[in-house]
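Let's read a structure together, one feature at a time. The learner asks, the teacher answers, and the picture builds up as we go.

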Amino acid sequence: IYMSMMTGCRDGQNLDRIRPQGGTEIWYSYWKTLKRMSPGQTLVIISDFQSKIPLTAREADILRNIVESKSIRVIAISP
């Protein structure tokens, strides 16, 4: 489990101690996680995807290419 937040979260923190606060941009976290994943793994993302910084077509292609080249299964859940 990878928790991406701007504030209120530290490495190794228990999930039940995390309280949502601050904002974060999903795209950097998504890219960073994809780069660390092994081929064939599954990534489940829970996000509102309400980014203040829209992806360019080139950036979207980069993410899509990483997913395809590693055969990563991505499941997106938007609350």
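## Reading the surface, the core and the loops

Q: Where should I start on the surface: which residues make the nonpolar patch of about 290 Å²?
A: This is a predicted model, so keep that in mind throughout. The patch of about 290 Å² is formed by Tyr28, Trp31 and Ile62, and it is a nonpolar one. Tyr28 sits in helix 1, which covers residues 26-36. Trp31 has a relative accessible area of 32%, so this residue counts as partly exposed rather than buried.

Q: How do I read the arrangement of two rings, and how many aromatic pairs are there?
A: The idea is to look at the ring centres and at the angle between the planes; planes under 30 degrees apart count as stacked and over 60 as edge-to-face, with the rest called tilted. Here the count is one aromatic pair. The ring centres of Tyr28 and Trp31 are 5.9 Å apart and the planes stand at 40°, so this pair is tilted. Both residues belong to helix 1, and because they are three residues apart they are separated by about one helical turn.

Q: Let me step back to the whole chain. What is the order of the elements from the N terminus?
A: The order is α-β-α-β, made of two helices and two strands. The chain has 79 residues, and 22% of them count as buried. The exposed area is about 6200 Å², with carbon and sulfur atoms supplying 52% of it. As for contacts between residues at least 6 apart in sequence, 68% join residues at least 24 apart.

Q: Which residues make up the largest nonpolar core?
A: First the general idea: in soluble globular proteins, nonpolar side chains tend to be buried together. In this model the largest nonpolar core has 10 residues: Ile26, Tyr30, Leu34, Met37, Leu43, Ile45, Leu63, Ile66, Val67 and Ile72. At least two residues of this core come from each of helix 1, strand 1 (42-46) and helix 2 (57-70).

Q: Let me pick one core member. Is Met37 buried or exposed?
A: Met37 is buried, because its relative accessibility is 10% and the cut-off for buried is under 20%. Met37 belongs to the loop between helix 1 and strand 1. Leaving aside residues up to four places away in sequence, Met37 touches Thr42, Leu43, Lys70 and Ile72. Another way to read its place is by C-alpha distance: Met37 and Val67 are 30 residues apart in sequence and 9.6 Å apart in space.

Q: Lys70 turned up among those contacts. Is Lys70 buried or exposed?
A: Lys70 counts as buried, since its relative accessibility is 19%. Lys70 lies in helix 2. Apart from residues up to four places away in sequence, Lys70 touches Leu34, Lys35, Arg36, Met37, Pro39 and Gly40. Its C-alpha is 8.3 Å from that of Gln41, and these two are 29 residues apart along the chain.

Q: And Ser69, is that residue buried or exposed?
A: Ser69 is exposed, because its relative accessibility is 62%. Ser69 is also part of helix 2. The C-alpha atoms of Ser69 and Pro39 are separated by 8.0 Å, with their places 30 residues apart along the chain.

Q: Now for charges. Which side chains meet in a salt bridge?
A: For a salt bridge, check that a side-chain nitrogen of Lys or Arg is within 4 Å of a carboxyl oxygen of Asp or Glu. The count here is one salt bridge. Asp61 and Arg64 form it, at 2.8 Å from N to O. The two are three residues apart in helix 2, so about one helical turn separates them. Asp61 is partly exposed at 37% relative accessibility, and Arg64 is partly exposed at 43%.

Q: One last feature, the backbone. Which residue has a positive phi although it is not a glycine?
A: The general idea is that most residues other than glycine have a negative phi. In this model Ser71 has a positive phi of about 50°. Ser71 is in the loop between helix 2 and strand 2 (73-77). With 54% relative accessibility, Ser71 counts as exposed.

Definitions and conventions: Residues are numbered from 1 along each chain as its sequence is written. This is a predicted model: local features need pLDDT of at least 70, side-chain atom pairs count only at pLDDT 80 or more; totals for chains, interfaces and linings use all residues. Side-chain values use heavy atoms; hydrogens and water are left out. Helices (H or I, at least four residues) and strands (E, at least two) are DSSP runs, numbered from the N terminus. Buried means under 20% relative accessible area, exposed over 50%, partly exposed in between (1.4 Å probe, protein chains only). Contact means heavy atoms within 4.5 Å. Accessible areas come from the Shrake-Rupley method with a 1.4 Å probe; for residues, only the protein chains shown count as cover. Patches are made of residues with over 30% relative accessible area and no salt bridge: like charges are joined within 9 Å, nonpolar side chains (Val, Leu, Ile, Met, Phe, Trp, Tyr) within 5 Å. A nonpolar core is a set of buried Ala, Val, Leu, Ile, Met, Phe, Trp, Tyr and Cys residues joined through side-chain atoms within 4.5 Å. Rings of Phe, Tyr and Trp (its six-membered ring) pair if their centres lie within 6.5 Å; planes under 30 degrees apart count as stacked, over 60 as edge-to-face and the rest as tilted.
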